[in-house]
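Colleague: Could you take me through one part of this model at close range, starting with the helix that packs on a sheet and working outwards from there? I'd love one connected account I can follow with the structure open beside me.

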Amino acid sequence: MNTTIAALTFRALLGRRRVLLLLPMPALLIGLTLIAQSSPAFIDEWGPVVFAQLGLGVILPLTALVVGSSVLGLEIEDGTITHLLTKPLPRHEIIVAKLAVAWSVTTVATAVPLTAAALITGSAALAAGLVLGAAVGALAYTAGFLALSLLTRRPVAVGLVYIILWENLLTTFVAGTRILSIREQAVALSDSVAGTTWLPTHLNPVAALILAAVLTAIGILGATARLRSYSLSGETS
Amino acid sequence: MITVELTNVSRWYGNVVAVNDVTLTVRPGVTGLLGPNGAGKTTVLHMIAGLLGPSQGTVLIDGKPSFRNPDIYRTLGLVTENEGVPGFLTAWEFVLVGARLHKLPDPESAARRALDIVELGDAVNRRISTYSKGMRQRTRVAAALVHDPAVLILDEPFNGMDPRQRLHMMDLLHRMGADGRTILFSSHILEEVEQLSGVVQVIVAGRLAASGDYRHIRRLMTNRPHVFLIQSSDDRRLATVLMGQISVSAVELDPAGLQVRANDYGTFTRALSTVARHHSIRLTGVLPSDESLEDVFSYLVAQ
């Protein structure tokens, strides 16, 4: 992996104000868990809402969207991508380094609060399951959003449409759309390790893992192909 | 020694043709790409640098296509006009990152050498976000030179530079050209091109308007028809006499004075004073009418 690109991307990403967007969501997750845990309500009632719907259904995709669309997208926006493009680097090397950064940042930013929340309920298995789901989900999500940042000028908008319309709306009405929902894959994988009833899943974990791998591969290949024939646009004087 | 070759290159964006059937060869030495703003200079440079594919035709660097071929960046350096520079880095870090991405055997000394060339001094350890426009420009030049490229492409390199930096930059390009490197830079200012390069390619409205030695281009430019506004003690009589001059092609009586169209700048300006003195007409004003660079270029296109 190209560590120079990765190190530069880390600095660029963590130096941006945009990264602050990642802070309130984990705080919300941990806060809600604390409140729910101390309330008389049963965990069977709030568990699915906090871990599946909020944790893997909202925090994971939104974090991946902010990070995945930024690692290369910010450089496209401010024009510094020219520096990267005018180097004798195979384009997959750039994509892999960018994805590695996006994946690790997203995984840390989601797995840490999810683990904390799971440990509040006292279940180490739940924590392990959520870390697995978050890690695999983060990879598929960031690969997709990284590709989106090269395919469209509005990766955040398109990403939100996928998260809200496809994963949260369409999957509840049309069962077949679930196989292309990264959220479903993350929940299925988490559930296979956690062994609780709080992660309602419709997918077999093996299928989920294969589907996540396929989506990741499509994202990487798509992004690489797109970067290979990337054309500088804008000023044409 | 590397040659850049464009053959019947066109580039369009939707219905807009930015570059239209350009064929030109850039040889070792310094070549200027001259043209008014919006003529398609940047598009041509981006196509040469492989950042844009031609819609038609071929762009070859040392016989190899430049688009979708990252390997050309081993021999090519590019300084674009206003691309961003990551402000959170210092110039030293920025150029060093460039050297590392080029996978040079000794990135530190390559970065030091490139930064020495542009003479940023102590500022190399300051964040780029604190730099002036000229300093950013020089940082980008250093980054483009870090791998000692045989081909250097610069888009409006003198924009935002003060006169001293400009001289320094010209000197640098001169030396690199004399070393046998292939250097192509764009400019919309004739004087810059004239001072720096023997060979000029003139591009107007996406087409190659003129190509060759700058003296030839210069002659085309100075010998073009000029329009003067002349005020005198007796405009009407001056008009009659001027019409007798071979160097004058048209005279128009205007409330503000005489509008005179001259075929030849030199002959006319010499003839004017002689004729006026001979007929005892006092000249109170001789103004070359404002001609935009665009007019000059469109005249060249018509040639």
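Modeller: Happy to! Start with α1(B), which lies across β3, β7 (151-154), β8 (182-187) and β9 of chain B. Against β8(B), the helix runs at about 155 degrees. Please keep in mind throughout that this is a predicted model.

The strands under that helix belong to an open sheet of six strands in chain B, with the order β6-β7-β8-β3-β9-β10 and mixed pairing. At the edges stand β6 (76-79) and β10 (207-213) of chain B; each has a single partner strand, so one side of each is left without a neighbour in the sheet. Neighbouring strands of this sheet are turned against each other by 15 degrees on average, direction ignored. For a parallel pair, look at β3 (residues 29-34) and β9 (residues 199-204) of chain B, which are joined by four bridges. Within that pair, B:Thr31 has B:Val199 in β9(B) as its bridge partner.

Now go back to the helix and follow it to its end. α1 of chain B covers 41-48, and B:Ile48 is worth a click. Leaving aside neighbours within four places in sequence, B:Ile48 is in contact with B:Val4, B:Val59, B:Ser66, B:Ile153 and B:Leu184. B:Ile48 is also among the residues with the most contacts inside the largest nonpolar core, which has 140 residues. Others in that group include A:Leu146, B:Val95, B:Leu115 and B:Ile153. The element that gives the most to this core is helix α7 (residues 124-151) of chain A, with 16 residues. As a general point, nonpolar side chains in soluble globular proteins tend to be buried together.

That brings in the other chain. Where chains A and B meet, 30 residues of chain B are in contact with 24 residues of chain A. On the chain B side, the elements that give two or more residues are α1 (41-48) and α2 (91-101). By class, this side of chain B has 14 nonpolar, ten polar and six charged residues.

Two of the contacts of B:Ile48, B:Val4 and B:Val59, lead to another sheet. Strand β1 of chain B covers residues 4-13 and strand β4 covers residues 56-61, and the two pair in the antiparallel sense over five bridges. Along this pairing, B:Ser10 stands opposite B:Gln56 in β4(B). They are part of an open sheet of four strands in chain B, with the order β2-β1-β4-β5 and antiparallel pairing. Here β2 (16-26) and β5 (64-65) of chain B are at the edges with a single partner strand each, so one side of each is left without a neighbour in the sheet.

Let's zoom out for a moment. Chain B is divided into domain 1 (4-218) and domain 2 (223-289), and their centres, taken over C-alpha atoms, are 44 Å apart. Along its principal axes, the C-alpha trace of chain B spans about 80 × 45 × 35 Å. In all, the chain has ten helices and 14 strands, and buried residues make up 40% of its 303 residues.

Domain 2 (223-289) deserves its own visit. Strand β11 (residues 226-232) of chain B runs antiparallel to β13 (residues 257-262), joined to it by five bridges, and β11(B) also pairs with β14 (residues 283-288) in the antiparallel sense over five bridges. B:Leu229 has B:Gln259 in β13(B) as its bridge partner, while B:Ile230 stands opposite B:Val286 in β14(B). On its own account, β13(B) pairs with β12 (residues 248-254) in the antiparallel sense over six bridges, and these two strands form a hairpin with two residues between them. B:Gln259 also serves as the bridge partner of B:Glu252.

To finish, have a look at B:Ile230 in strand β11 of chain B. With 23 other C-beta atoms within 10 Å, B:Ile230 is buried. Beyond its neighbours within four places in sequence, its contacts include B:Leu238, B:Leu258, B:Val260 and B:Gly285. B:Gly285 is 55 residues from B:Ile230 in sequence, yet the two are 5.4 Å apart in space, C-alpha to C-alpha. One of these contacts, B:Leu238, also belongs to a second, separate core of twelve residues, which includes B:Leu242, B:Val248 and B:Phe268 as well.

Notes
Residues are numbered from 1 along each chain as its sequence is written. Chains are lettered from A and ligands numbered from 1 in the order in which they are written. This is a predicted model: local features need pLDDT of at least 70, side-chain atom pairs count only at pLDDT 80 or more; totals for chains, interfaces and linings use all residues. A nonpolar core is a set of buried Ala, Val, Leu, Ile, Met, Phe, Trp, Tyr and Cys residues joined through C-beta atoms within 7 Å. A residue is buried if 20 or more other C-beta atoms lie within 10 Å of its own, exposed if 12 or fewer, and partly exposed in between; C-beta atoms are placed from the backbone. Two residues are in contact if their C-beta atoms, placed from the backbone, lie within 7 Å. Two strands pair if DSSP finds at least two bridges between them. Ala, Val, Leu, Ile, Met, Phe, Trp, Tyr, Cys and Pro count as nonpolar, Asp, Glu, Lys and Arg as charged, and the others, Gly among them, as polar. Domain bounds come from an automatic or database domain assignment. Axes are lines fitted to C-alpha atoms, for helices over the stretch in contact, and angles run from 0 to 180 degrees between N-to-C directions.
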